[in-house]
Each structure stands twice: as structure tokens, then as C-alpha cells.
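Colleague: I am new to models like this one. Please take me through the labels and the reasons behind them.

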Amino acid sequence: MIATIVLKILLIIILVIVILLHFSLTIYVKGGTGGEFVIKAKYLFFTLYPRKPKPEKEKKKKRRKEKEEDFEDDLTEETELPADTYEDTEGEVSVQEAAAEEKPEAVATEDTAAEEETAAEDKPDEPAAEEKPPKKKGRKFLKKKDKSDKKEDKKKDKEEGGGKLKGKIDELKRKWEFIKPYIPPAWKYTKKLLKAIRIEDVKINIDTGKEDAAESATFYGKLQAALFNGLNVLAMIFTLKVKEANVNCLFNEKRLDAEGEATVRVRPSTVIAIAFCLLWCCGKIFIPYKFRQWRKRKRKEKEAKKKQAEKAELLTEE
């Protein structure tokens with residue numbers, strides 16, 4: 001009895017979660033050249049973005065003010081000093097100022113003397129006249145040797161670089177062989193996911209105009225073609241529903257204004273289902289690949305053990 005009740009409760013919870021996930025997440029987007037850019041996200045009756053700022057309670061504000069006032073009172077009590085102390089400090093300060101005014105000349109003379117001594121010590125000795133080295137014989141032969149050594153070094157570097165390049169190419173090939181089987185299912189399910197995104201209630205209004213009538217007409221044609229071609233591309237990728245798409249041509253007026261709005265809807269249940277299918281396909285590819293690698297490793301270990309046993313037998317026979 002208890003097991004059946006628990007199973008029923010679990011089934012009810014799963015059904016509720018599935019029903020809630022089936023409701024679509026809506027994102028409202030609006031923007032234009034003149035107005036502000038607006039984004040709103042809702043799920044069921046809850047607004048996910050933008051959230052309302054939480055107002056602070058009046059009691060907390062009052063407590064903060066009281067604490068600040070108490071802190072200020074404590075500071076004023078600590079900083080206050082009696083009148084006698086002010087007089088003593090003023091006298092001491094005046095004596096120190098008088099002593100400071102008398103000292104600067106003596107200090108300056110001492111500093112100048114010290115600087116002169118350090119300058120005399122730091123002066124470098126005058127360099128002696130550079131002696132020209134005697135001309136050596138056989139320079140051409142040495143130059144030829146240096147060139148031949150350089151050529152040999154270059155050849156060695158090229159050979160080493162070729163070996164490194166081969167190693168890098170082999171690593172890239174291995175990585176490509178590992179990634180290659182995952183590309184078709186990933187491409188398939190990404191297309192499905194993009195098609196699951198629904199862009200509805202699309203409204204676009206564009207006002208164009210130039211001072212010359214011919215230029216404004218040609219620009220109007222180009223802009224209209226670009227707009228509808230772009231909408232066709234979007235319809236190929238996503239599920240698109242357009243309400244309005246207007247391009248207004250103006251003459252004798254230099255102007256370019258655009259406004260648009262749309263609602264984007266996605267069901268979380270479809271996204272989860274697509275992700276689960278993708279993971280299933282990747283697992284079907286990954287697990288056999290790992291099993292094959294494990295079998296190869298085991299074969300190599302067996303072969304290595306056999307070789308070691310044969311070597312040990314030969315050594316014992318000898």
C-alpha cells in the first residue's frame with residue numbers, strides 16, 4: 001500500500017513538472033533609432049526580467065540614522081580638547097617654526113658640498129685612444145667557414161621543424177577522427193533547436209528619404225530588398241511570423257528612422273528533449289569508441305607480457 005502511494009505521488013509530481021515545462025518562455029523585444037531598447041522576459045505569470053527593485057523598510061532607515069547620530073556624538077566628544085592644551089600647542093608650534101627658518105641656509109651649504117664630492121668621485125676616467133686592431137690574414141677563409149656552418153645549422157633546424165610539424169599534423173588528424181562522428185548529430189539537433197524558437201508578432205517600420213528624388217527611390221528599393229531577404233533567411237533558420245514590414249519612402253528630406261518589435265517564444269520541454277536526444281546519440285558514439293580503445297590496450301598489455309615471458313625463458317635456458 002505504501003509503495004503504491006509513493007509511486008502515485010511521484011507520478012503526479014512528474015506530470016506537474018512536464019505540464020509546467022510545456023508552457024513557453026516569452027521574451028518581448030522592442031527598439032528603434034528614436035526610442036529606448038526594451039527587453040521583457042516572462043514565464044507563466046512571473047516576470048523574470050526586469051525585476052522590480054525591492055523598497056527598503058522605514059524601520060531599517062530609522063535605525064541607520066540613529067546609529068549614525070550616535071557615532072557622530074562619540075566622535076565630537078573624543079575630539080574636543082580643553083583651552084589650556086590649545087595655548088600650549090600654539091607656543092610649541094611657534095618655537096618649531098622659528099628653528100626651521102634659521103636652519104635652511106646651513107643645510108643648503110652642507111648639501112652642496114656633499115653633491116660636489118659625489119660628482120668628483122663619480123666622474124669616469126677619460127677613455128684612452130682606441131687602438132686599431134692589426135689586420136688579420138685569411139679573413140675570406142673564415143667568412144666562408146661561417147657561411148657553411150650557418151647553412152648546416154639551417155638544415156638541422158629545418159629537419160627538426162619538419163619532425164615537429166609531422167607530430168602536430170598527426171595529433172590534429174587524431175583529434176579530427178575523434179570529433180568527426182559527432183558532427184552530423186550535432187548539426188541535426190542544432191537545426192531542430194533553432195526551429196523550436198518561434199519569433200512571432202514581428203513589426204518593422206522604416207522611414208527613408210534623401211534630398212534628391214532619384215537617390216531616395218534607388219535607396220528605397222535597395223533597403224526593401226535587403227529587409228525582405230533578411231526576413232527570408234530568418235524564416236529558414238527559425239519559425240517566423242511577420243505582422244507588419246513596411247518601408248516608407250520620403251522625398252526632399254534626408255531621413256532614416258527604424259522601429260521594430262517582436263516576441264520570442266521557446267518551450268523548455270522541447271529544449272530538454274533535444275538536449276537529451278543529442279546526449280543519447282553522443283553516448284552511442286562515445287561508449288563503443290572507449291570500449292575499442294580498452295580492447296586495444298588489453299591486447300598490447302598481453303603482447304608485452306608474452307614478450308617478457310619469452311625473454312625470461314631464453315635467459316633461463318642460457
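Modeller: Start with helices and strands: these are DSSP runs, numbered from the N terminus, with H or I over at least four residues for a helix and E over at least two for a strand. This is a predicted model, in which local features need pLDDT of at least 70, side-chain atom pairs count only at pLDDT 80 or more, and totals for chains, interfaces and linings use all residues. Residues are numbered from 1 along each chain as its sequence is written, and side-chain values use heavy atoms, without hydrogens or water.

Colleague: How many helices and strands are in the protein chain?

Modeller: There are 8 helices and 6 strands. Along the sequence they run α-β-β-β-α-α-α-α-α-β-α-β-β-α.

Colleague: Where is Leu 44, and what is notable about its phi?

Modeller: Leu 44 sits in the loop between β2 (38–43) and β3. Its phi is near 60 degrees, which is positive in a residue other than glycine. Asp 201, in strand β4 (residues 198–210), also has a positive phi, near 55 degrees. Most residues other than glycine have a negative phi, and most peptide bonds are trans.

Colleague: Which peptide bond is cis?

Modeller: The bond from Tyr 49 to Pro 50 is cis, with omega near -5 degrees. Pro 50 is in the loop between β3 (46–49) and α2 (58–79).

Colleague: Why is Ala 245 called buried?

Modeller: Buried means under 20% relative accessible area, exposed means over 50%, and partly exposed lies in between (1.4 Å probe, protein chains only). Ala 245 has 17%, so it is buried. It belongs to strand β5 (residues 239–251). Its C-alpha is 4.7 Å from that of Ile 204, though the two are 41 residues apart in sequence. Of the 318 residues in the protein chain, buried ones make up 9%.

Colleague: Why are Leu 44 and Asp 201 called partly exposed?

Modeller: Leu 44 has 33% relative accessibility, so it counts as partly exposed. Asp 201 has 30%, so it is partly exposed too.

Colleague: How do you know how many disulfides there are?

Modeller: A disulfide is a pair of cysteine sulfur atoms within 2.5 Å. A search of the whole structure finds 0. Take Cys 282: its nearest cysteine sulfur, that of Cys 281, is 6.9 Å away, and Cys 282 is in no disulfide. Cys 282 is partly exposed because its relative accessible area is 23%. Cys 249 has 24%, so it is partly exposed as well.

Colleague: What makes a group of residues a patch?

Modeller: Patch residues have over 30% relative accessible area and no salt bridge; like charges are joined within 9 Å, and nonpolar side chains (Val, Leu, Ile, Met, Phe, Trp, Tyr) within 5 Å. A salt bridge puts a side-chain nitrogen of Lys or Arg within 4 Å of a carboxyl oxygen of Asp or Glu. Areas come from the Shrake-Rupley method with a 1.4 Å probe, and for residues only the protein chains shown count as cover.

Colleague: Which residues form the nonpolar surface patch?

Modeller: Among them are Met 1, Ile 2, Ile 9 and Val 18, in a patch of about 1,100 Å². Ile 9 lies in helix α1 (residues 2–22). Its relative accessibility is 45%, so Ile 9 counts as partly exposed.

Colleague: Which residues gather in the patch of positive charge?

Modeller: They include Lys 290, Arg 292, Arg 295 and Lys 306. Lys and Arg count as positive, Asp and Glu as negative; His and the chain ends are not counted. Each charge is placed at NZ of Lys, CZ of Arg, CG of Asp or CD of Glu. Arg 292 is in helix α8 (residues 268–317). With 49% relative accessible area, Arg 292 is therefore partly exposed.
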